[in-house]
Amino acid sequence: MLTFVGLGLYDLDDISVKGVQAIAAADTVYLESYTSRLMGTTPAAMEERYGKPVQILKREDVEQHPEPILAQAVNGDVVFLTGGDPMVSTTHADIRIRAAEQSIPTRIIHGASIASAVSGLSGLQNYRFGKSCSVPYPAKNWFPRTPFETIRMNLAADLHTIVFLDIQENRYMQVREAVEILQQLSDEEGVAIPLYVGIARAGSSAPVVIAGNAEKMLQADFGPPLHILVVPAGLHPVEEEYLRIFADL
């Protein structure tokens, strides 16, 4: 069997009891480390807590070469750990499909997701979110434009946008960096983004949530990663009051 286990948002204590039980029964434990990371712990600490090795998976291990994972799940119990909730990423849906095509049983043990945490921390109502987008780091001769199109489409429909920030091997995009990219696109396109909500370290004991315009976001200190950004549409009075009380709007 291949079991997908969500680790939750921040540290070792976020996993469910069901998730811990699945790890204890597993023959092999993998940790997918590229769509999200738990900043309040380390793979070494996981191994100590779980009492067994945790093998780290990179993007190519899952998207291009998942055969070893699936082969071990044919005759053994394999646990596939992910930050947040396992099926928020389409990459994980793909590997579950591949398992089903090989008649490998699968199950999902859910964890807290950043998608729901954003609503809770910002007070923005979850049914008012449109399509999400991601802001990658610019590369030589390339500048990310697709996320702005998603934001513009959502704003036109009066929908909020969750903006996921790039995670690379040794760096994590900050709210300030994402806002700089989006403001450059906003200036070029002539479409204003009047309000942002930045969130840092969701799931920790001291998350930071700040709402304001671009100037405020660029000056705000969100502290260490992980960061995530929201571009709100028009605010409901309750959303506005929530942001004023809990996000310094």
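1. A good place to start is D158, which sits in the loop between α7 and β7; helices (H or I, at least four residues) and strands (E, at least two) are DSSP runs, numbered from the N terminus. Phi of D158 is near 60 degrees, a positive value in a residue other than glycine. D158 is partly exposed, with a relative accessible area of 40%; buried means under 20%, exposed over 50%, and partly exposed in between (1.4 Å probe, protein chains only).

2. A word on the source: this is a predicted model, where local features need pLDDT of at least 70, side-chain atom pairs count only at pLDDT 80 or more, and totals for chains, interfaces and linings use all residues. Residues are numbered from 1 along each chain as its sequence is written, and side-chain values use heavy atoms, with hydrogens and water left out.

3. Now to α7 itself, residues 146-156, whose buried residues are P147, F148, T150, I151 and N154. Seen down the helix axis, these fall within an arc of 160 degrees, so they line one face of α7; the arc is that of the directions from the axis to the C-beta atoms. T146 and A156, on the other side, are exposed. The cover over the buried residues includes β6 (133-135), β7 (161-165), α8 (175-189) and β10 (227-231).

4. You may also like to check S103, in the loop between α5 and β5. Phi of S103 is positive, near 60 degrees, again in a residue other than glycine, and S103 is exposed, with a relative accessible area of 65%.

5. Next, the open sheet: 5 strands in the order β3-β2-β4-β1-β5, with parallel pairing (two strands pair if DSSP finds at least two bridges between them). β3 (55-57) and β5 (106-109) stand at the edges with a single partner strand each, so one side of each has no neighbour in the sheet. Strands β1 (residues 2-6) and β4 (residues 78-82) run parallel and are joined by 5 bridges; F4 has F80 as its bridge partner in β4.

6. One peptide bond to look at in your viewer runs from P225 to L226: it is cis, with omega near 5 degrees. L226 belongs to the loop between α9 (214-219) and β10.

Conventions:
Contact means heavy atoms within 4.5 Å.
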